[in-house]
Amino acid sequence: MALIESFERILELERPITILGVCTNLFLLLSPIWVAFILGLMVGWAWKPKWVSFGKENHLVLTSNNSPLKEVSMSPSEDDEFSVLELDEGDSNLVTVEDLEHLFQLVEMKDGGPTWIPMMDRSNPTMSYKAWRRDPKTGPPQYRSSTVFENATPEIVRDFFWDDEFRSKWDDMLAYYKTLKECPTTGTMLVHWIRKFPFFCKDREYIIGRRIWEIGRSYYCITKGVTCSSIPRRDKPRRVDLYYSSWCIRAVESMSGDGQLTACEVLLFHHEDMGIPWEIAKIGVKKGMWGTVKNMDTGFRAYQKERASGISLSRQAFMANINSKINPDYMRAMLVDGDDDDGNGDSSETRVDTLSEKPQGRNIPKLLILGGAIIFACTFDKGLLTKAVIFGVARRFSNVRKRL
């Protein structure tokens with residue numbers, strides 16, 4: 001009996017130690033997931049961006065100059081040390097006819113690139129939205145989207161996307177904008193942007209060349225990253241070099257089916273170097289794109305109301321009205337000639353797959369993937385985290401919070 005009692009005392013003494021060891025091991029095993037979860041909640045709950053104020057207080061003042069490219073100066077700020085740039089005749093070729101031909105091929109599905117994979121098909125009473133993605137052999141993922149605004153004309157949609165002054169009212173990531181140079185003959189512009197990002201990322205700056213062509217009342221708007229030696233690189237904000245965001249704006253039939261061209265389609269093609277693993281970026285883009293598009297629609301409706309009230313055009317919207325007109329037959333002939341020269345014929349067409357409801361890939365735990373994305377974003381800050389990535393990850397963790 002004494003031996004049995006001694007053995008029972010030993011078990012009683014060891015039981016707390018065993019339970020403590022199991023709990024310790026379990027905590028160590030789950031700690032990475034909990035760290036990711038807490039970081040996600042911090043982004044979803046606590047982060048409220050405080051945009052710098054000088055982006056909304058800029059005023060365009062043209063200097064007198066006989067050159068086709070005019071200097072544009074803005075109200076002084078702490079970043080305006082580079083506001084005066086030397087004029088260069090070569091600046092008039094920032095965006096060329098070759099850029100137009102490339103966009104035209106993308107719109108006509110004749111660029112010969114990889115198949116477009118469907119990502120989203122959503123709509124509300126004032127807008128419909130479809131999106132695709134494709135993965136080239138080299139470079140970041142490329143995105144294609146079709147946004148149809150009800151009760152809208154191509155001209156006002158064109159002005160809306162060009163209007164940096166109004167963009168700062170609905171795009172809360174645009175911290176600073178400045179027109180560096182412009183050409184009153186072709187409408188070409190050289191623009192400097194700084195976009196604000198969450199606390200764990202540096203701000204990003206873009207040097208953008210942009211221009212609009214009109215082809216049969218369809219507007220081909222090209223914006224792309226260009227070099228600008230007059231604005232040297234700095235550690236903060238970080239320069240984004242690879243940037244392409246171009247769209248075709250055209251009248252289309254309304255969703256009401258009345259046969260009237262009272263709606264406007266924006267066919268967008270976009271890619272840029274995010275500097276993070278592309279598989280993680282794809283998750284964030286897919287989760288955040290619908291919220292971003294809805295916010296854009298709200299901004300556009302506010303822009304319609306302001307324009308209907310008779311306010312004067314901003315300088316950027318005025319420049320959007322300076323277009324180079326090209327005959328549609330010429331562009332179609334260019335496509336045919338390009339096929340004949342390559343000897344490919346219809347083989348250069350790009351395919352678009354239909355949206356499938358079947359899940360693709362392995363069923364990896366979403367919390368672990370998105371948590372890893374947050375941690376990676378905090379530690380691997382090399383390039384641009386787009387708005388869709390940031391808000392896509394934050395929104396997913398906010399949804400987790402609501403379920404708790």
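**Group meeting: rings and cores in a predicted model**

Okay, so the structure holds 13 aromatic pairs. Keep in mind that this is a predicted model.

Let me start with one of those pairs, Phe-149 and Phe-300. The ring centres are 4.8 Å apart and the planes sit at 40°, so we call this pair tilted. Why does this pair tie together distant parts of the sequence? Well, Phe-149 is in strand 5 (residues 142-149) while Phe-300 is in helix 5, so the two parts being joined are 151 residues apart in sequence. Both Phe-149 and Phe-300 are buried, by the way.

Now, Phe-300 has another partner, Phe-160. Here the centres are 5.4 Å apart and the planes make 70°, which is over the 60 degrees needed, so this one is edge-to-face. Phe-160 belongs to helix 3 and Phe-300 to helix 5, so again we have a tie between parts of the chain, this time 140 residues apart in sequence. Is Phe-160 buried or exposed? Buried, with a relative accessible area of 0%. Phe-300 also counts as buried, at 0% relative accessibility.

If you zoom out a bit, those three phenylalanines belong to one aromatic cluster: Phe-149, Phe-160, Phe-161, Trp-162, Phe-166, Trp-170, Trp-247, Phe-300 and Tyr-303.

Let's stay with Phe-149 for a second. Skipping neighbours within four places in sequence, Phe-149 has contacts including Thr-126, Met-127, Val-157, Phe-161, Ala-263, Met-296 and Phe-300.

On to the nonpolar cores. The largest has 42 residues, and the members that touch the most others are Phe-149, Val-157, Phe-160, Phe-161, Trp-193 and Ile-249. Helix 5 (residues 278-308) gives this core its largest share, 7 residues. There's also a second, separate core of 28 residues, with Leu-180, Tyr-220, Ile-222 and Leu-335 among them. As background, nonpolar side chains in soluble globular proteins tend to be buried together.

Next, helix 3, the one with Phe-160. How many of the residues in helix 3 are buried? Helix 3 covers residues 154-162, and 8 of its 9 residues are buried. Those buried residues include Val-157, Phe-160, Phe-161 and Trp-162, but also Arg-158 and Asp-159. Arg-158 is a fun one: its charged end sits over the ring of Tyr-219, 4.7 Å from the ring's centre. Elsewhere, Arg-144 lies over the face of Trp-132, and there the distance to the ring centre is 4.5 Å.

Cysteines, quickly. Searching the whole structure turns up 0 disulfides. For Cys-221, the nearest cysteine sulfur is that of Cys-248, 8.1 Å away, and Cys-221 is in no disulfide. Cys-248 is in no disulfide either, and its nearest cysteine sulfur is that of Cys-221. Cys-221 is buried, with a relative accessible area of 0%, and Cys-248 counts as buried at 0% relative accessibility too.

Cys-248 also shows up around Ser-218, a residue of strand 9 (residues 218-225). Beyond the neighbours within four places in sequence, Ser-218 is in contact with Trp-213, Cys-248, Ile-249 and Arg-250. Ser-218 has a relative accessible area of 14%, and since the limit for buried is under 20%, it counts as buried.

Last, the whole chain. The protein chain has 9 helices and 13 strands, and 48% of its 404 residues are buried. Of the contacts between residues at least 6 apart in sequence, 68% join residues at least 24 apart. The chain exposes about 21200 Å², with carbon and sulfur atoms supplying 56% of that.

Key
Residues are numbered from 1 along each chain as its sequence is written. This is a predicted model: local features need pLDDT of at least 70, side-chain atom pairs count only at pLDDT 80 or more; totals for chains, interfaces and linings use all residues. Side-chain values use heavy atoms; hydrogens and water are left out. Buried means under 20% relative accessible area, exposed over 50%, partly exposed in between (1.4 Å probe, protein chains only). Helices (H or I, at least four residues) and strands (E, at least two) are DSSP runs, numbered from the N terminus. Contact means heavy atoms within 4.5 Å. Accessible areas come from the Shrake-Rupley method with a 1.4 Å probe; for residues, only the protein chains shown count as cover. A nonpolar core is a set of buried Ala, Val, Leu, Ile, Met, Phe, Trp, Tyr and Cys residues joined through side-chain atoms within 4.5 Å. A disulfide is a pair of cysteine sulfur atoms within 2.5 Å. Rings of Phe, Tyr and Trp (its six-membered ring) pair if their centres lie within 6.5 Å; planes under 30 degrees apart count as stacked, over 60 as edge-to-face and the rest as tilted. A charge sits over a ring if NZ of Lys or CZ of Arg is within 6 Å of the ring centre and within 35 degrees of the ring normal.
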